[in-house]
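Visitor: I should be grateful for a close look at a single part, followed by an account of what lies beyond it. Please explain each term as it arises.

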Amino acid sequence: MKAVSQALAGIGQYGFWVRDFCRAVVIHGPPKGQTLNEAFRIGIKSLPILLIISGFVGTNLALQGYNAFKPLGGQRLVGMFVSLAGVRELAPIIAAAMIAAKAGTEMASQIGVMKIREQVDALEVMAVNPLAYLVAPRMIGIMLMLPALTIIAIFVMLSAAYTVSVYQLGLAGHEFIQFAQESIEPIDFLYGAIKAMIFGLIICTISCFFGFNCGKGPEGVGQATNRAVVTSSVLCIILNYFLSELLYGGAL
Amino acid sequence: MIELRNVSKSFGENTILRDISLAIPAGQTTAIIGPSGTGKSVTLKHIVGLLRPDSGQVLCFGTDMASAPEADLYKVRRRFGMLFQDGALFDSMSVGANISFPLVHHAPEMTEAQRREKVEEKLALVGLPGIYDRPTSSLSGGQRKRVGLARAIVTEPEVVLFDEPNSGLDPITSDAIDALISEMKEALGITFIVISHDIVGTINVADHIAMLYGGNLIAFKPTKEFVQLDHPIIRKFLGRNLILPEGPNDVARLPGLE
């Protein structure tokens, strides 16, 4: 019972925090010259790890697709399987989980440290709104970069799957491409980007919320960071189901 | 100019301030003293509007910080400077960027060269010339406080608040900070509010002393009169005998305080 009421109180607190954040942004606007820095930190610094992870998810999609369809004699369908699963589901969610693990934890810990060392209070006393100053640039940065990272993840995943299918499993390259083209459409990239923006919104607000509500001392920062990554990745994965239902439901 | 009227504040069941009324004299240094956990920092946070009281008023330049909307709070805060306990410097910025931060946000008409000149001037005033480009991570505890002080005075505020300027410092640096406060008061005519549990330093810098104990204001007098007071808690505090009962509920049991 206690855990449920705590969770409900947390959701309420988060709601009020988001309201305060929106109000702060409307009144004060994001600070000049910060957003590009944040976009760089979030985007460019996460790129190498994203390339590795999405590449190796692509390889395994191809392997398992091959295993699944081979007994049915439909191994040519690997291209279709990889495209549907990769483009629509795995690329957005993997990019989001990775950004939650890298940029989200960084947000929670940076803001948490600023909170416990009175730097957030210092901003307030210097008449600079901490929500607008600290959160708004991170929000814009993540919402610009996560869609871009998702599109990159899609291409890397498909290229890796193609490489494994053609050079390891001996499938015909033109068939892979043909089935891939038939199963996905340009609109899927837009949907991927929309998913990514919504995930970015969630990761940023959840991580910054936990940072601002950080407990005392280094232990508090550790806890805030941990909660930020767990909560935001779980939320993204659950939401991914509903978003897919909403975006692709009719087409499936 | 700054006045607390019947301010009370509790956190949950824990009452921190009980019906505090205090008018801070302008252009002078007022010290708020008392053992740890008696509400000194909480009082300071009420003055700058970081906390709002459960009841009572906090008047700063005619604005009631207890009920004013955010925009009014920000207007009043621009007339304040505050030095936090460990300086509260932004780790990601250099010393110069830290000190010029309030100028960047509130004096956009200044050119970068003008800002730099002003920051160098304040750095010289706190005895740290030539460290404009140093990262804050390279500073010692005392240096962080001085840089924090430079940031607090860079906008030439009318009121400067100090949260424990001497805590965690060695006696020599601590004396140097006290001397700095006295010098700046003479030179700039600023109203200073200092909270401290360091009694010797406080007597040296303060014109007035307010003593909080268990959430009550037990005395508020000019320093000369304060040190003569014949009050058991004050005598104990002045004697640096800090073995005092901890919780607010124990206050009533002490002789001389009903």
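Guide: Helix α5(A) bends by about 30° at A:A136, and a proline, A:P137, follows within four residues. The bend at a residue is the angle between axes fitted to the seven residues ending there and the seven starting there. This is a predicted model, in which local features need pLDDT of at least 70 and side-chain atom pairs pLDDT 80 or more, while totals for chains, interfaces and linings use all residues. Residues are numbered from 1 along each chain as its sequence is written, with chains lettered from A and ligands numbered from 1 in the order in which they are written.

Helix α5(A) covers residues 130-168; its 39 residues should span 57 Å at 1.5 Å a residue, and because its end C-alpha atoms are 53 Å apart, the two values agree. The expected span is 1.5 Å times one less than the number of residues. Helices (H or I, at least four residues) and strands (E, at least two) are DSSP runs, numbered from the N terminus. After α5(A) comes A:G170, whose phi is positive, near 75°.

Beyond the helix, chain A meets chain B through 10 residues of chain A and 16 residues of chain B, contact being counted where C-beta atoms, placed from the backbone, lie within 7 Å. On the side of chain B that touches chain A, α2 (70-77), β6 (80-83) and α3 (95-106) of chain B each supply at least two residues. The most comes from α3(B), with four residues.

Strand β6(B) also belongs to an open sheet of six strands in chain B, ordered β6-β7-β8-β3-β9-β10 with mixed pairing; two strands pair if DSSP finds at least two bridges between them. The edge strands are β6 and β10 (216-222) of chain B, each pairing on one side only. From one strand to the next, the twist averages 15°. Within the sheet, β3 (residues 29-33) and β9 (residues 208-213) of chain B run parallel, joined by four bridges; B:A31 has B:I209 as its bridge partner in β9(B). Helix α5 (residues 141-153) of chain B lies across β6 and β7 of chain B, running at about 175° to β6(B). Such angles run from 0 to 180 degrees between N-to-C directions, the axes being lines fitted to C-alpha atoms, for helices over the stretch in contact.

Technical notes. Two residues are in contact if their C-beta atoms, placed from the backbone, lie within 7 Å.
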